[in-house]
Amino acid sequence: MFFKGPSKSFPETAKIVIGSLLVMILPIFAPIFFLDRFFIEEETDTIHSIEARLERELQVFMFESDPKEVFFKSFYKLFRHLEKKGFTSEAFKGTSGLIPDFLSAQVCGFTSDGTLIIPEGMNCSSKYVVKKLWEDFLYNTALWEQKKLKMFRALFGSQFITPDARDEEGLFHSIGPGSTDGAMIWHKSIGKSGLLSFLPEFPSPLLTITNVLKSVSRKKKFYVFDPGTNYFFGNGNLKESFKRELIKSSLKGGGTFFDGKYFCRSVRHPSGLWVMRAVPFVNRNLHFRMTIRFIGLLFFLLICFWTNRIGTTVLSVLKISPRILILFVLAVAVPALLLISLGIASFKERETILKQQVYEKDLEKLRDADSAYQKHQERLVNMFRRFKKRLGEIGDSEKEFSKIYYPLRLKEEIATLVSFAIDGSIINSDERGNNFEKMLSVFAKETIKKYHKVKVPSSGESFETFAKNLLLSSRIGISGIFDRPDSVFPMALGKKYVSFYWDIVRPTEKSKMACLISSQLRMWDLKFFLSKSLPAGVIAFDNTLRKWSPGFPPIYGMKALAAQALLGNRAVSQIFQYKGTFVLATAFPSLALPAFCYLTFSDLKEVSTWVATFRNFLILGAILTVVLAVLSSMMLSGAILKPIYHLSKGIEAHEKKNLTFKVPELGNDELGRLGQVFNQMMDEMRDVSFAQEVQKSLIPTIMPDFPGYDIGMVNFTATDLGGDYCDALPMPDNRLLLITGDVTGHGIASALLTAMAKTICYLNASEGKGLQTLVERLNRLVNEAVHKKKLMTIVAAIIDGTSNSLEWTCVGHPYPLFRKADGSVTMLQMPQYPLGVRSKAQWKTGFFEMEPGSSLLFYTDGLVESLNPKGEMFDFGNLQKVFSDVRSDSAKGIIAEILYEFRSHTQGIPCADDLTLLVFRRKNCTQT
């Protein structure tokens with residue numbers, strides 16, 4: 001001991017020290033471990049909480065820095081300001097900055113009498129056009145649209161349609177040459193007052209983020225990295241370590257890291273930028289844990305000093321029964337404490353499972369929303385069918401047609417309804433004389449000709465010829481509609497999306513109708529679906545219009561969650577605190593409705609109740625375990641000593657590889673059966689030892705003599721029996737077969753397959769057969785001998801010593817490396833399925849010449865996939881570099897250098913897989 005005491009012999013001192021360790025170390029350090037485990041779990045929870053918080057804040061920041069969201073929020077900020085002051089002329093003063101200048105938005109306000117006023121600090125370059133458009137919105141002057149459409153489209157884009165914008169008050173309306181170049185928002189207030197603003201084109205995300213960061217508090221540190229220009233910026237001091245981590249994150253796909261004093265997380269922005277959020281983080285638990293450990297160690301040393309002074313131990317003064325009682329109690333009571341500490345982790349796991357169940361339930365509810373829309377579409381088809389049946393019943397009466405159609409039109413249940421006679425003429429229609437009606441007539445004539453097999457007269461107009469060519473053209477993507485009668489076909493008419501329906505009808509005496517065409521506006525259809533058919537507890541978010549249905553969610557941050565789901569095109573969830581309780585919110589991007597996202601949330605109170613119940617049961621179980629341990633030890637202390645003694649001797653024999661040792665008969669109880677199993681295990685170990693010797697003989701220890709070349713190979717198995725095979729076999733005509741193979745798995749089955757593969761390779765080499773024959777034989781072996789229960793990869797080559805040409809093949813194996821005399825290394829790539837995947841296949845081979853000083857490296861994946869203590873693989877890049885930098889001019893020397901670098905990388909971490917290397921080198925002219 002380290003303390004001076006009465007003089008004792010070494011055996012006595014050792015006995016005292018061992019006794020002290022047995023009796024004292026567990027009671028002292030077990031509570032310390034328990035506390036340490038508790039603080040570790042608390043620290044882990046804190047880190048996870050911070051990570052979730054950073055993820056949430058990054059999502060919110062990216063969403064709020066979206067140009068659309070900035071425009072949307074600033075528009076309503078200005079609108080609320082003006083509405084609060086009644087949209088008077090004075091209200092428009094002092095509005096500078098409410099809509100950021102970097103948006104370059106055009107802004108027009110209107111007073112209650114309709115006077116156009118430009119808010120202070122803003123501009124509008126086309127006041128006349130905007131004023132006319134505002135009048136059109138107020139009075140719904142649809143008759144003026146044809147006259148003004150050209151003027152409006154000159155400002156808002158070639159696809160602008162006034163009714164579309166009129167129907168989208170307070171929502172985004174896409175404008176510009178395309179469909180998403182810019183946006184317009186208008187909102188009416190009292191009287192003729194209101195606000196209209198539009199962006200011809202959205203600014204770049206980089207410009208938006210830069211300006212949004214200026215308004216973010218410096219306490220919330222955000223940093224942005226542009227990989228394209230290597231540009232960094234943020235709202236705080238950007239440390240060099242942050243720059244390095246942002247660059248690493250861009251290469252790794254984002255993540256979390258700790259930079260001394262800051263906890264940071266980075267994610268990829270949809271535009272390709274990388275955004276990072278950093279918060280200060282001090283690990284106070286670490287200092288407290290170190291203090292507890294020091295106190296525990298000090299207390300343990302004091303106990304050791306005391307036992308050394310009294311010259312004896314607690315165990316030495318007790319008989320066997322109480323001695324076993326103490327040891328048994330310690331052996332069970334301490335794990336009981338550990339059980340409680342580990343139970344903390346089990347609570348977390350159980351809580352995660354319960355939350356996952358809630359998430360799956362909510363996700364199923366959201367998927368049902370998509371199913372509900374599919375059913376809603378079926379309802380739409382049935383509605384069109386009822387119209388068709390009803391029109392057939394009322395005949396050709398225009399009056400009866402009006403009674404059916406116009407009430408439905410007013411209720412927004414149908415947009416268009418047109419019926420045609422067998423000659424293509426219109427019987428009843430809600431469209432008269434416009435181009436759309438003419439287009440429908442052309443469509444009806446084509447369907448009547450196709451399905452009724454009759455000749456339909458042509459009007460001879462140029463428009464009809466143009467419309468016919470347009471409808472039948474595959475370029476616009478609707479030619480397939482002619483093959484789908486009696487079904488709904490989604491299509492776009494200008495900027496309006498409709499559900500188009502048509503069907504062929506057999507004319508009757510009462511009704512001349514031969515074809516029916518009907519359509520429903522998608523916006524009407526969605527309005528009906530979201531208000532009537534959406535499952536309870538589910539809300540929908542339209543990302544295009546920035547609209548919630550049936551109402552805005554009560555939880556802040558749900559819009560960011562919806563944006564995350566739409567952006568990643570996957571279901572996401574997040575825990576929010578709402579009204580003093582935690583709720584799990586789930587978002588799911590719709591598969592049936594593009595740009596739509598469904599959301600729902602569930603209370604997690606039930607989950608918390610379950611976790612508390614499990615915690616109580618676990619504590620009760622730990623207490624009962626200790627009580628039962630005391631009672632059981634009193635009965636079992638004498639009965640287990642002798643069997644334990646013999647079993648311990650058997651363990652010693654096993655450790656010393658004394659495979660001839662046998663445990664004597666111990667009875668018919670569990671310990672007796674354990675002794676029998678132990679003896680059987682020793683017999684099997686003898687078989688395994690013999691199999692090891694056999695497998696070792698498969699790898700040649702002496703390389704064949706092949707003039708002008710040097711061969712080296714090495715093989716290490718991860719377990720007693722491995723699945724790697726490596727060989728160099730002479731062939732007739734001064735040729736040599738080199739092969740390295742890897743059978744999936746380990747154990748006797750893999751070792752047996754490698755032995756059979758050895759036989760086939762030897763037979764193939766002795767017969768002088770080529771690589772094609774070898775691969776076919778090995779593939780037949782894997783398919784027929786093991787019935788595809790195993791797979792095998794190989795890389796093989798045949799070198800002609802006369803011409804120095806080499807034929808090679810790689811079948812599902814890691815690609816070999818070829819090193820020229822100048823040190824350049826090439827990976828010989830040849831992708832092929834492993835042996836056993838296909839019973840019949842065509843195998844590829846390649847050819848090249850072995851130049852003097854060049855080397856060829858075969859290896860198995862156990863080399864490149866081995867990990868170091870940091871969890872990093874040795875990987876192909878390191879192997880290529882090491883192989884390129886070797887200095888040795890012998891195959892064994894090259895292998896030695898590779899293994900040196902490999903062991904330096906793994907730092908003693910054992911290989912998880914077998915490792916095999918084969919180096920084949922052509923000697924230099926001087927060596928030859």
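Rings of Phe, Tyr and Trp, taking the six-membered ring of Trp, form an aromatic pair if their centres lie within 6.5 Å, and the pair counts as stacked if the planes are under 30 degrees apart. The legends below describe close-up views of a predicted model.

**Figure 1. Aromatic rings pair with one another in this predicted model.** Across the whole structure, a search finds 32 aromatic pairs. One of them joins Phe225 and Phe232, whose ring centres are 4.6 Å apart. The planes of Phe225 and Phe232 differ by 20 degrees, so the pair falls under the 30-degree limit and is stacked. Phe225 and Phe232 are both buried. Elsewhere, ring pairs connect Phe71, Phe72, Phe75, Tyr76, Phe79, Phe87, Phe92 and Phe172 into a cluster.

**Figure 2. Five strands build an open antiparallel sheet.** The strands follow the order E7-E6-E10-E9-E8. Strand E7 (231-234) and strand E8 (255-259) stand at the edges with a single partner strand each, and therefore one side of each has no neighbour in the sheet. On average, neighbouring strands are turned by 20 degrees against each other, direction ignored. Within the sheet, strand E6 (residues 221-226) pairs with strand E10 (residues 274-280) over five bridges, in the antiparallel sense. Phe225 has Trp274 of E10 opposite.

**Figure 3. Two helices lie across strands of the five-stranded sheet.** Helix H6 (residues 205-214) crosses E6 and E7, and its direction makes an angle of about 30 degrees with E7. Helix H7 (residues 240-252) lies across E6, E7, E8, strand E9 (262-268) and E10. The angle between H7 and E10 is about 135 degrees.

**Figure 4. Two charged side-chain ends sit over aromatic rings.** The charged end of Lys239 is placed over the ring of Phe242, at 5.2 Å from the ring centre. For Arg277, the charged end sits over the ring of Phe222, and the distance to the ring centre is 5.3 Å.

**Figure 5. The largest nonpolar core contains 38 residues.** Phe61, Phe71, Leu78, Leu103 and Leu195 touch the most other members of this core. Two or more residues each come from H1, helix H2 (67-84), strand E4 (182-188), strand E5 (194-199), H6 and E6. H2 supplies the largest share, eight residues. Leu78 touches Thr95, Leu98, Ile99, Val107, Pro119, Met122 and Leu195, leaving aside residues up to four places away in sequence. Another core, of 25 residues, lies apart from the largest one and has Tyr709, Ala728, Leu736 and Leu806 among its members. In soluble globular proteins, nonpolar side chains tend to be buried together.

**Figure 6. Strand E4 pairs with strands E3 and E5.** E4 is mostly covered, with five of its seven residues buried. Strand E3 (residues 173-175) pairs with E4 in the antiparallel sense over three bridges, and Ser174 has Ala183 in E4 as its bridge partner. The pairing of E4 with E5 is also antiparallel, over six bridges; here Met184 has Phe198 in E5 as its bridge partner. Five residues separate E4 and E5 in a hairpin. Gly191, in the turn of this hairpin, has a positive phi of about 65 degrees.

**Figure 7. Glu55 of helix H1 touches residues far along the sequence.** Glu55 belongs to helix H1 (residues 10-64). Not counting residues up to four places away in sequence, Glu55 touches Arg265, Val267 and Gln564. The C-alpha atoms of Glu55 and Met276 are 9.6 Å apart in space, although these residues are separated by 221 residues in sequence.

Conventions. Residues numbered from 1 in each chain as written. Predicted model: local features only at pLDDT ≥ 70, side-chain atom pairs only at ≥ 80, totals over all residues. Heavy atoms only, no water. Helix = DSSP H or I, 4+ residues; strand = E, 2+ residues; numbered from the N terminus. Contact = heavy atoms within 4.5 Å. Pairing = 2+ DSSP bridges. Axes fitted to C-alpha atoms, helices over the stretch in contact; angles between N-to-C directions. Core = buried A, V, L, I, M, F, W, Y, C linked by side-chain atoms within 4.5 Å. Buried < 20%, exposed > 50% of the residue type's maximum accessible area, 1.4 Å probe, protein only. Phe/Tyr/Trp six-rings, centres within 6.5 Å; stacked < 30°, edge-to-face > 60°. Lys NZ or Arg CZ within 6 Å of the ring centre and 35° of its normal.
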